[in-house]
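Trainee: I would like to take a close look at a single part of this model. Could you walk me through one helix slowly, and show me how it sits in the rest of the chain?

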Amino acid sequence: MNSLEQAEDLKAFERRLTEYVSCLQPATGRWRMILIFVSVCTATGAWNWLIDPDTQKVSFFSSLWNHPFFTISCITLIALFFAGIHKRVVAPSIIAARCRTVLAEYNMSCDDTGKLILKPRPNIQ
């Protein structure tokens, strides 16, 4: 391949990588908002559960039954983590990190948006 074809291939790869990362951003934002909302609900419910004087007097399951907001939000948070929300929230970063690992062998890197970073060639003596 000549250098013009190689440059075009690099441009096409960069275009596709930035397109893929940018397509993940809206979904990532929604998953982050869901995670924040459920976490705040769980924290609020936990606070109310802990400051309730009846919590110490009844059994654990009875105290959970008496605080359905905390119970439901906690179960929802656990279910979201089992469903993989932690991976969906950081998906663009995972893709960029994996690309950096592969590109390092070719003396290149990329930023978090998918733009390629060409490093200078090492001096061979």
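Mentor: What follows starts with the chain as a whole, then turns to helix H5, and ends with helix H3.

Keep in mind throughout that this is a predicted model. The protein chain holds five helices and two strands, and reading along the sequence gives the pattern α-α-α-α-α-β-β. Its C-alpha trace spans about 80 × 35 × 20 Å along the principal axes, and its radius of gyration is 24 Å, whereas a compact globule of 125 residues would have one near 14 Å. Of the 125 residues in the chain, 27% are buried, and the accessible surface comes to about 9,300 Å², with 65% of that belonging to carbon and sulfur atoms. Among contacts with a separation of 6 or more, 56% are between residues 24 or more positions apart.

Now to helix H5, which covers residues 91–103. With 13 residues, H5 reaches 18 Å from its first C-alpha to its last, and this is close to the 18 Å expected at 1.5 Å a residue. Its buried residues are Ala-91, Pro-92, Ala-96, Cys-99 and Leu-103. Because these residues cover an arc of only 135° around the axis, they lie on the same side of H5. The face turned away from that buried side carries the exposed residues Arg-98 and Thr-101. As for what covers the buried residues of H5, the list includes helix H1 (3–51) and helix H4 (85–89), together with strand S1 (108–110) and strand S2 (116–118).

One residue of H5 is worth a separate look, namely Ala-91. Its relative accessibility is 18%, so Ala-91 counts as buried, given that the cut-off is under 20%. The C-alpha atom of Ala-91 is separated by 19 Å from that of Ile-78, and the two residues are 13 apart along the chain.

Helix H3, residues 68–83, can be read in a similar way: it has 16 residues and reaches 22 Å from its first C-alpha to its last, close to the 22 Å expected at 1.5 Å a residue. Buried in H3 are Phe-70, Thr-71, Ser-73, Leu-77 and Leu-80, and the buried residues of this helix pack against H1, helix H2 (60–66) and H4. Just after H3 comes Gly-84, which takes a positive phi of about 95°.

Technical notes:
Residues are numbered from 1 along each chain as its sequence is written. This is a predicted model: local features need pLDDT of at least 70, side-chain atom pairs count only at pLDDT 80 or more; totals for chains, interfaces and linings use all residues. Side-chain values use heavy atoms; hydrogens and water are left out. Helices (H or I, at least four residues) and strands (E, at least two) are DSSP runs, numbered from the N terminus. The expected span of a helix is 1.5 Å times one less than its number of residues. Buried means under 20% relative accessible area, exposed over 50%, partly exposed in between (1.4 Å probe, protein chains only). The arc is that of the directions from the helix axis to the C-beta atoms. Contact means heavy atoms within 4.5 Å. The radius of gyration is taken over C-alpha atoms; the globule rule is 2.2 Å times the number of residues to the power 0.38. Accessible areas come from the Shrake-Rupley method with a 1.4 Å probe; for residues, only the protein chains shown count as cover.
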